[in-house]
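The following exercises ask for a close reading of one structure. Please inspect the sequence and the coordinates before turning to the solutions.

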Amino acid sequence: RRHTRSLCDWSSDVCSSDLEIPAQLLTNNINLKYLYLSNNQIQEIPEQLLTNNVNLEILSLHLNQIREVPEQLLSNNIELKILYLQENQKRQSNLE
C-alpha cells in the first residue's frame with residue numbers, strides 16, 4: 001500500500017523570495033494537510049488559502065511580513081490545528 005504525504009514546503013531554503021503560489025493549489029484542496037510558507041517575505045495571506053482547504057491542519061507563515069490575519073482563515077479551514085505566525089509584523093488581532 002502506498003502512503004502519500006500531504007505536505008507542501010515552500011520555505012526560503014528551497015524557494016526564492018519571489019515565490020508565486022499557483023491559485024489552484026490553494027483553493028479547495030482536500031489533500032493539503034501541511035503548508036509551510038515561512039520566510040518568504042509574504043505580506044498578505046493569499047486569498048485562495050481562505051477558501052475551503054478542509055483538511056489543512058498545520059499552516060506555517062512565520063518569518064514573513066504579514067500584518068493582518070483574516071478571520072476567514074480559521075472559519076473556512078475547520079481542521080486547522082496549528083498556525084505559526086511568529087516573527088511577522090502582525091498588528092493586534094482578534095485571533096490572539
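The exercises below concern a predicted model and proceed from the overall fold to single residues.

**Exercise 1. Determine how many helices and strands the protein chain has, and in what order the elements run.**

Solution. Begin with the assignment of secondary structure: the protein chain holds two helices and four strands. Next, read the elements from the N terminus on, which gives the order β-α-β-β-α-β.

**Exercise 2. Characterise the protein chain by its burial, its accessible surface and the sequence separation of its contacts.**

Solution. First, consider burial: 32% of the 96 residues count as buried. Second, take the accessible surface, which comes to about 6,500 Å²; carbon and sulfur atoms contribute 42% of that area. Third, restrict the contacts to those with a separation of 6 or more; residues 24 or more positions apart then account for 54% of them.

**Exercise 3. State how many residues the largest nonpolar core has, and which residues Leu-59 touches beyond four places in sequence.**

Solution. The largest nonpolar core has 16 residues. Among those with the most contacts inside this core are Leu-35, Leu-49, Leu-59 and Leu-73. Now follow Leu-59 outward: leaving aside residues up to four places away in sequence, Leu-59 touches Leu-35, Leu-49 and Leu-73, and also Leu-80, Ile-82, Leu-83 and Tyr-84.

**Exercise 4. Decide whether Ser-60 is buried or exposed, and list what it touches.**

Solution. Locate the residue: Ser-60 lies in strand β3. Its relative accessible area is 1%. The cut-off for burial is under 20%, and Ser-60 is therefore buried. Finally, apart from residues up to four places away in sequence, Ser-60 touches Leu-35, Tyr-36, Leu-37, Ser-38 and Tyr-84.

**Exercise 5. For Gln-41 and Glu-87, give the phi value, the place in the chain and the class of accessibility.**

Solution. Start with Gln-41. Its phi is near 60°, a positive value in a residue other than glycine. Gln-41 is found in the loop between β2 (34-36) and β3 (58-60). Its relative accessibility is 47%; exposed requires over 50% and buried under 20%, so Gln-41 counts as partly exposed.

Turn then to Glu-87. Here too phi is near 60°, positive although the residue is not glycine. Glu-87 belongs to the segment after β4 (82-84). With a relative accessible area of 60%, Glu-87 is exposed, because the cut-off for that class is over 50%.

Technical notes
Residues are numbered from 1 along each chain as its sequence is written. This is a predicted model: local features need pLDDT of at least 70, side-chain atom pairs count only at pLDDT 80 or more; totals for chains, interfaces and linings use all residues. Side-chain values use heavy atoms; hydrogens and water are left out. Buried means under 20% relative accessible area, exposed over 50%, partly exposed in between (1.4 Å probe, protein chains only). Contact means heavy atoms within 4.5 Å. Accessible areas come from the Shrake-Rupley method with a 1.4 Å probe; for residues, only the protein chains shown count as cover. A nonpolar core is a set of buried Ala, Val, Leu, Ile, Met, Phe, Trp, Tyr and Cys residues joined through side-chain atoms within 4.5 Å.
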